[in-house]
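Thank you all for making the time this morning. I would like to take you through one structure, beginning with the overall fold and then moving to a few individual places in the chain.

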Amino acid sequence: MKTAGLLLAGGRSSRYGKQKLFETYKNEPLFMKSVRAMREAGIDDVYVITNKDLASHFHDIPIICEQTPFEGPLYALYEGMTRLSTSGFSRFQVLAGDLPEINASMVKYLMNTATAHENSDILLPEHLGRLQPLHALYHQRCLPLIKTLLPTTRKMSVLYEQAETRTVPFADDSRYFININHQTDWRE
């Protein structure tokens, strides 16, 4: 199955106080941690889903600009899947752009799990009892459902409650799921 990577990078970063995606972490912009994780996991086609104001900051990575910015991750997933629907991708690995400790092993694990569970529409990581939709692997079969949901909701939880979702547990000590929302999060 052909997989595309979708980096969700169109938020305002209002809790952070400025755009966090371009903060330097271990000698590269924060968003590049997610791009690198997908590429090192074997996903050659990685796209940034963002807004027009941020698009020029993502050099050498294909951009998909949201028609309506700041509508949240469900809408961003819809935009990416819709724009790439004729490109032959059957799965979409989603990662947020604010994950300092993400790496290829998490992505590879989800892709291997997908091979064993081809009937699952969503492979949804679970860490410390919390579901992680911004780390999940989505099948193209989700697109019609997302389209029907968007007029009434922007909640990712509604999608994974209605789709054929397989929860994938991750160890409690996993650092893949750390994200940066506030400047004080860097201390953790």
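Before I use the words, let me say that helices and strands here are DSSP runs, a helix having at least four residues and a strand at least two, and that they are numbered from the N terminus. What you have in front of you is a predicted model, and everything I say should be heard with that in mind.

With that numbering, I can place a residue to begin with: Ser-13 sits in the loop between strand 1 and strand 2. Its phi is near 60°, a positive value in a residue other than glycine, and at 12% relative accessibility Ser-13 counts as buried. A second such case is Asn-27, which has a positive phi of about 70° although it is not a glycine, and which belongs to the loop between strand 2 and strand 3. Is Asn-27 buried or exposed? With a relative accessible area of 78%, Asn-27 is exposed, whereas Ser-13 is buried.

Let me step back to the chain as a whole. The protein chain has 5 helices and 10 strands, and its C-alpha atoms fill a box of roughly 40 × 40 × 30 Å along the principal axes. For 188 residues a compact globule would have a radius of gyration near 16 Å, and the chain has 15 Å, so the two agree. Of those 188 residues, 54% count as buried, and the accessible surface comes to about 9300 Å², of which 46% belongs to carbon and sulfur atoms. If we take the contacts between residues at least 6 apart in sequence, 70% of them join residues at least 24 apart.

Now to helix 1, residues 31-40, which is mostly covered, with 7 of its 10 residues buried. Those residues are Phe-31, Met-32, Lys-33, Ser-34, Val-35, Ala-37 and Met-38, and you will notice that a lysine, Lys-33, is in that list. What do the buried residues of helix 1 pack against? Their partners are strand 1 (3-8), strand 2 (24-25), strand 3 (28-29), strand 4 (45-50), strand 6 (91-96) and helix 3 (104-116). Just after helix 1, Gly-42 takes a positive phi of about 100°.

The link to helix 3 can be followed from the other side through Val-107, whose place is in helix 3. Val-107 is buried, with a relative accessible area of 0%, and, leaving aside neighbours within four places in sequence, Val-107 is in contact with Ala-37, Ala-41, Ile-43, Gln-93 and Leu-95. Ala-37, in that set of contacts, is also one of the buried residues of helix 1. Val-107 and Gly-5 are 102 residues apart in sequence, while their C-alpha atoms are 10.0 Å apart in space.

Helix 2, residues 73-83, has 8 of its 11 residues buried, so it is largely enclosed by the rest of the structure. The buried residues are Leu-74, Tyr-75, Ala-76, Leu-77, Tyr-78, Glu-79, Gly-80 and Met-81. In the loop between helix 2 and strand 6 we find Ser-90, which is buried at a relative accessible area of 16%. Beyond the residues up to four places away in sequence, Ser-90 touches Met-1, Lys-2, Tyr-138, His-139 and Gln-140.

Helix 2 also brings us to the largest pocket, since helix 2 and strand 8 (130-131) each supply at least two residues of its lining. That pocket has a volume of about 1000 Å³ and is lined by 38 residues, of which Arg-15, Asp-98, Leu-134, Asn-179 and Asn-181 lie nearest its centre. By class, the lining has 17 nonpolar, 13 polar and 8 charged residues.

The last residue I want to show is Glu-126, which is found in strand 7, residues 122-127. Glu-126 is partly exposed, with a relative accessible area of 27%. Not counting residues up to four places away in sequence, Glu-126 touches Leu-131, Thr-167, Val-168, Pro-169 and Phe-170. For one of these, Pro-169, the separation from Glu-126 is 43 residues in sequence and 4.7 Å in space, C-alpha to C-alpha.

Conventions. Residues are numbered from 1 along each chain as its sequence is written. This is a predicted model: local features need pLDDT of at least 70, side-chain atom pairs count only at pLDDT 80 or more; totals for chains, interfaces and linings use all residues. Side-chain values use heavy atoms; hydrogens and water are left out. Buried means under 20% relative accessible area, exposed over 50%, partly exposed in between (1.4 Å probe, protein chains only). On a 1 Å grid over the protein atoms alone, a cavity is a set of points where a 1.4 Å probe fits but cannot get out, and a pocket is an open set with protein on both sides within 12 Å along at least five of seven lines; lining residues have an atom within 4 Å of a point. Grid points are joined across faces, edges and corners, and a volume is the space filled by probe spheres set on the points. Ala, Val, Leu, Ile, Met, Phe, Trp, Tyr, Cys and Pro count as nonpolar, Asp, Glu, Lys and Arg as charged, and the others, Gly among them, as polar. Contact means heavy atoms within 4.5 Å. The radius of gyration is taken over C-alpha atoms; the globule rule is 2.2 Å times the number of residues to the power 0.38. Accessible areas come from the Shrake-Rupley method with a 1.4 Å probe; for residues, only the protein chains shown count as cover.
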